[in-house]
Amino acid sequence: MKNFFILTKDDSDKSKGFINEIIDYIKENGGDARAHILNRQRSSEPLEVPEKTECILTVGGDGTMIRAAMRTIRSNLPILGINKGHLGYLCDLDESNYRKALKRLFADDYEIEERMLLSGRVISADGIPESGFNHALNDIVLTSRNGLQVVHIDINVNGELLSSFNGDGVIFATPTGSTAYNLSAGGPIVDPKTKLILMSPLNAHVVGQRSIVLDSSAEVRATVTRRNQEELSAAVAFDGSTAIELYDGESIEVVRSDETVRFIKLSQINFLDRIREKLQAD
C-alpha cells in the first residue's frame with residue numbers, strides 16, 4: 001500500500017510538523033498522503049475519505065484512533081495508530097518506529113485484526129424502537145444524568161429478566177473496550193479478537209452484583225425506571241460521546257453490530273505481553 005489518510009485531533013505546530021514529516025517520508029518512497037484534523041467536538045458525522053486511500057493512519061492516543069474508526073467506518077479501510085498519548089492499548093507504533101512500520105506497509109507485510117463493535121438504539125416506554133443505531137468500538141455506557149443520583153436499571157437478555165439493581169449505571173463493552181472503562185469498573189480483561197459482550201454494573205447497590213460475559217449473539221436491553229419525582233433522566237454514551245437521554249420506562253437495546261473495524265497489526269508483541277507491559281507501567 002502507498003496511499004494514506006492521516007487523522008489527528010492535535011492541531012499544535014509540533015503535531016503538524018510531525019505529520020508533515022510522515023507525509024514527506026511517504027512521498028519520498030513513491031506514495032501519497034493527505035492529512036485531516038478531527039474537530040474537537042465529538043462529532044459522529046461520517047468523514048469523507050480521499051479516493052485511492054488504502055490505509056488510515058492516526059496520530060495521537062487511543063481516543064483519536066477510536067474517533068477515526070467511527071468516522072471512517074463506511075470506508076472499511078484498515079487503521080494503524082501512531083501513539084502520542086499515554087496508554088496506547090490500541091496504537092501499534094510510536095514516533096520512534098514509524099519509518100520502519102511504513103516500509104513494511106509499502107511491502108504489504110502486515111496482518112489485519114478485525115474487531116467487533118456494539119450497536120445501540122433507544123426503545124420507547126411503549127416498546128417502539130427508534131430508527132437507526134449508534135456504534136461503539138469500546139463501550140456503551142448508561143448512567144444517571146446527575147452524577148450524584150443513582151438510577152434503577154432492569155437488565156433483560158434475549159427477552160428474559162437477568163437482574164434489577166440501583167446504582168451509578170452499567171457498562172456494555174466490547175473485547176476491545178475491556179481495557180477501557182470496563183477495566184476501571186472492575187470488569188474482566190478479554191482478548192480483543194474474541195466476540196463477546198461484557199456487562200459491568202457501576203457501583204450497584206446489590207451484594208454480589210458482578211460483571212457478566214455474554215455471547216455476542218445476545219440481545220440486551222437496559223430499562224431505566226424513575227423511583228421518585230426528584231430523579232432526572234438517564235443518559236447513554238457511545239465511546240464517551242453521542243450522548244442520548246433516556247426517560248422513565250425507556251430502554252437502550254445493545255447488540256453486536258453488523259459493522260467491524262479492521263486494525264493493522266505489525267508488532268510481534270501478543271495480547272498478554274501488552275497487557276502485562278501496560279499494567280506494570282501504570
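This report describes the largest pocket and a six-stranded sheet in a predicted model.

## The largest pocket

With a volume of about 690 Å³, the largest pocket is lined by 28 residues, of which Ser44, Met70, His135, Ser241 and Thr242 are the closest to its centre. By class, the lining divides into 10 nonpolar, nine polar and nine charged residues.

Several secondary-structure elements each supply at least two residues of this lining, namely helix 2 (62–71), strand 7 (134–136), strand 8 (139–144), strand 15 (234–238) and strand 16 (241–246). Among the contributors, helix 2 gives the most, with five residues.

## The six-stranded sheet

Strands of a sheet pair through backbone hydrogen bonds, and this pairing is either parallel or antiparallel. In this model, six strands form an open sheet in the order 13-12-11-8-15-16, and their pairing is antiparallel. Strand 13 (212–215) and strand 16 stand at the edges, where each has a single partner strand, so one side of each is left without a neighbour in the sheet. From one strand to the next, the twist averages 20°.

## Where sheet and pocket meet

Strand 8, strand 15 and strand 16 belong to the open sheet, and each of these strands also supplies at least two residues of the lining of the largest pocket. Strand 8 and strand 15 pair in the antiparallel sense over five bridges, and within this part of the sheet Ile140 stands opposite Phe238 of strand 15.

Methods. Residues are numbered from 1 along each chain as its sequence is written. This is a predicted model: local features need pLDDT of at least 70, side-chain atom pairs count only at pLDDT 80 or more; totals for chains, interfaces and linings use all residues. Side-chain values use heavy atoms; hydrogens and water are left out. On a 1 Å grid over the protein atoms alone, a cavity is a set of points where a 1.4 Å probe fits but cannot get out, and a pocket is an open set with protein on both sides within 12 Å along at least five of seven lines; lining residues have an atom within 4 Å of a point. Grid points are joined across faces, edges and corners, and a volume is the space filled by probe spheres set on the points. Helices (H or I, at least four residues) and strands (E, at least two) are DSSP runs, numbered from the N terminus. Ala, Val, Leu, Ile, Met, Phe, Trp, Tyr, Cys and Pro count as nonpolar, Asp, Glu, Lys and Arg as charged, and the others, Gly among them, as polar. Two strands pair if DSSP finds at least two bridges between them. Axes are lines fitted to C-alpha atoms, for helices over the stretch in contact, and angles run from 0 to 180 degrees between N-to-C directions.
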